[in-house]
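Welcome! Here is a friendly walk through a protein model, written for someone who is meeting it now.

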Amino acid sequence: MLFSKSFYKATRRGNVVKVVREVYLRDDICCGFVSCKKCDPNENTKVLKGNEPILVLDTNVILHQIDMLVNPASLRNIVVLQTVLEEVKNQSRLTYKRLREEIISKPERNAYVFMNNLSRDTHVEREGSETPNDLNDRAIRVAAEWFMDHLKGSKVILLTNDKDNLNKAVAMGLNAQTVHKYVKQLGNPVLTDLLRNSTENSKKGEAIFPEHLSVQELENKIHKQELYEGRLRMNASNYLEATVKCTVNGQETEILIQGSENLNRGVEGDFVAVELLPKSEWRLPSVLLMPLSEQQIGAENETVPDISNTAKNKEGIPTGRIAGIVKRTWKPQCGSLVTPLTDDTNLFTFIPSDRRFPRILIKTKQGKELLGKRIIVAFDKWERHSMFPFGHFVKSLGDIGNKDTESAAILYSHNILYHGFSNEVLKCLPVMPWTITKEDMIG
């Protein structure tokens, strides 16, 4: 079946062109189920087993829970839809690469890529004013519904953390649930620790930080030059002080940010929108060195000293406050845990080795085993009611002080791959024992 669609788009030169795309919808695309008698029996791409639930993953599950998904003990019998694969590729190249290399290409994970956009049974078209996100969510629900109808007798589960998508899926009669609920039912504490924290059921207390402006408000104020955009660079000696290089009145200006309230949950490397304070509030960089010993690490409601007045001076440099986050650039951090000082024995404080990054609160049932280990923790969220961000445990590198462990931590911190070579690469090596021959020395 041939299907075509057309649309208009503007070129860089301002011209408007019509684009016509043709899609060939097929009715012979295999479902990937090993025991399916409806699909071509000679199809050699079947990997889904019938003795385990077939899991259809939503885009947000892959984007936000990739650390859990790539764990060797994680979910199997996975269906990755073409819609999901393309959306992940557009939003995060790194996550897409990990999905391809660590899940789809591993035979033991039983992961199958289903080309739902090319199948006559699951292809969907945009309806009216439907947004691209809503279109993708509907395509995922339609594909999940098709799998349930096609594989009657097999348990097909749609995993999604999108509330709206979940509610619509349940209304359609689909077996849908959140990934947190499904993983916790498995009873594996390692996988539970790897789950990225959701914003649901967060304890709301008194607000500590000002609320961030919305993306639209930030764009409008930056356009009017009421706010200035730049990259946040933390002081390596003082975690309560940072600078942002912005263009102010046509000139490159370094704006000083002092104090936890003015930093407003900004993290090293984030692109932020800064509000310039009046000249009467300009200050000089602080010379105060903030210690970060284990004795000073407290619970979530710990009060961090404010150093905003440590370098106040009439002749100060441009000083400002963060009004909102334009783009987060969070990446996992190496560091260690300290003994919890709260009643919640599963809540631990993680101290990054890089002092430019804030402490991170994580919940883990493996806390006692991880004390004294060099571990990797990823950021999840930082709400205005919490002094520190929340994160989740990713993996352990080994004992603190061990030469190999510390070497791996240094390499990881600088984004240098340190894992072993793949089997494909090792196959290129000569069979041992091997020595250099005279022919080798000639060339």
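What follows is a short tour of the pocket, a helix, the charged pairs, the cysteines and some details of the backbone. Please keep in mind that the model is predicted.

**The largest pocket**

Let us begin with open space. How much space lies in the largest pocket? The answer is about 1,800 Å³. Its lining is made up of 37 residues. Those that lie nearest the centre of this pocket are Asp-67, Leu-94, Arg-98, Pro-332 and Tyr-412.

What kinds of residues form the lining of the largest pocket, by class? There are 14 nonpolar residues, 10 polar ones and 13 charged ones. Several elements take part: α1 (59-64), α2 (66-69), α4 (93-104), β16 and β17 (390-399) each bring at least two residues to the lining. The element that gives the most is α4, with 6 residues.

**A closer look at α4**

Since α4 gives the most to the pocket lining, this helix deserves a visit of its own. Its buried residues are Thr-95, Tyr-96, Leu-99, Ile-103 and Ile-104. If you look down the axis of α4, these buried residues fall within an arc of 105°, so they line one face of the helix. The face turned away from that buried side carries the exposed residues Arg-93 and Leu-94. You have met Leu-94 already, among the residues that lie nearest the centre of the largest pocket.

**Charged pairs**

Side chains of opposite charge can pair when their charged atoms come close. How many salt bridges does the structure hold? It holds 18. Three of them are set out here, with the N to O distance of each.

| Acidic partner | Basic partner | N to O distance |
|---|---|---|
| Asp-149 | Lys-152 | 3.7 Å |
| Glu-268 | Arg-356 | 3.4 Å |
| Glu-406 | Arg-374 | 3.0 Å |

In the pair of Asp-149 and Lys-152, are the partners buried or exposed? Asp-149 is partly exposed, at a relative accessible area of 47%, while Lys-152 is exposed, at 67%.

The salt bridge between Glu-268 and Arg-356 links distant parts of the chain, with its partners 88 residues apart. Glu-268 sits in the loop between α10 (260-263) and β11 (271-276), and Arg-356 in the loop between β14 (347-352) and β15 (360-363). Glu-268 is buried, because its relative accessible area is 6% and buried means under 20%. Arg-356, at 29%, is partly exposed. This pair also belongs to a wider group: Arg-233, Glu-268, Asp-354 and Arg-356 are linked in a network of salt bridges.

The salt bridge between Glu-406 and Arg-374 also joins distant parts of the chain, here 32 residues apart. Glu-406 lies in helix α12 (residues 403-413), and Arg-374 in strand β16 (residues 373-381). Glu-406 counts as partly exposed, at 22% relative accessibility, whereas Arg-374 is buried, at 13%. The strand that holds Arg-374 may sound familiar, as β16 is one of the elements that supply the pocket lining.

**Cysteines**

How many disulfides does a search of the whole structure find? It finds 0. Take Cys-36 as an example: the nearest cysteine sulfur, that of Cys-31, is 3.7 Å away. Cys-36 is in no disulfide because a disulfide needs the two sulfur atoms within 2.5 Å. Cys-36 counts as buried, with 9% relative accessibility. Cys-428, on the other hand, counts as exposed, with 66%.

**Details of the backbone**

To finish, here are some places where the backbone is worth a pause. The peptide bond from Met-432 to Pro-433 is cis, with omega near 0°. You will find Pro-433 in the loop between α13 (423-426) and α14 (438-442).

Which values does phi take at Gln-225 and Asn-249? For Gln-225, phi is near 60°, a positive value in a residue other than glycine. Gln-225 has its place in the loop between α9 (215-223) and β8 (228-235), and is partly exposed, with a relative accessible area of 47%. For Asn-249, phi is near 55°, again a positive value in a residue other than glycine. Asn-249 belongs to the loop between β9 (238-248) and β10 (251-258), and is exposed, with a relative accessible area of 63%.

Conventions: Residues numbered from 1 in each chain as written. Predicted model: local features only at pLDDT ≥ 70, side-chain atom pairs only at ≥ 80, totals over all residues. Heavy atoms only, no water. Salt bridge = Lys/Arg side-chain N within 4 Å of Asp/Glu carboxyl O. Buried < 20%, exposed > 50% of the residue type's maximum accessible area, 1.4 Å probe, protein only. Helix = DSSP H or I, 4+ residues; strand = E, 2+ residues; numbered from the N terminus. 1 Å grid on protein atoms, 1.4 Å probe; cavity = no way out; pocket = protein on both sides within 12 Å on 5 of 7 lines; lining within 4 Å. Points joined across faces, edges and corners; volume = space filled by probe spheres on them. Nonpolar A, V, L, I, M, F, W, Y, C, P; charged D, E, K, R; others polar. Arc of directions from axis to C-beta.
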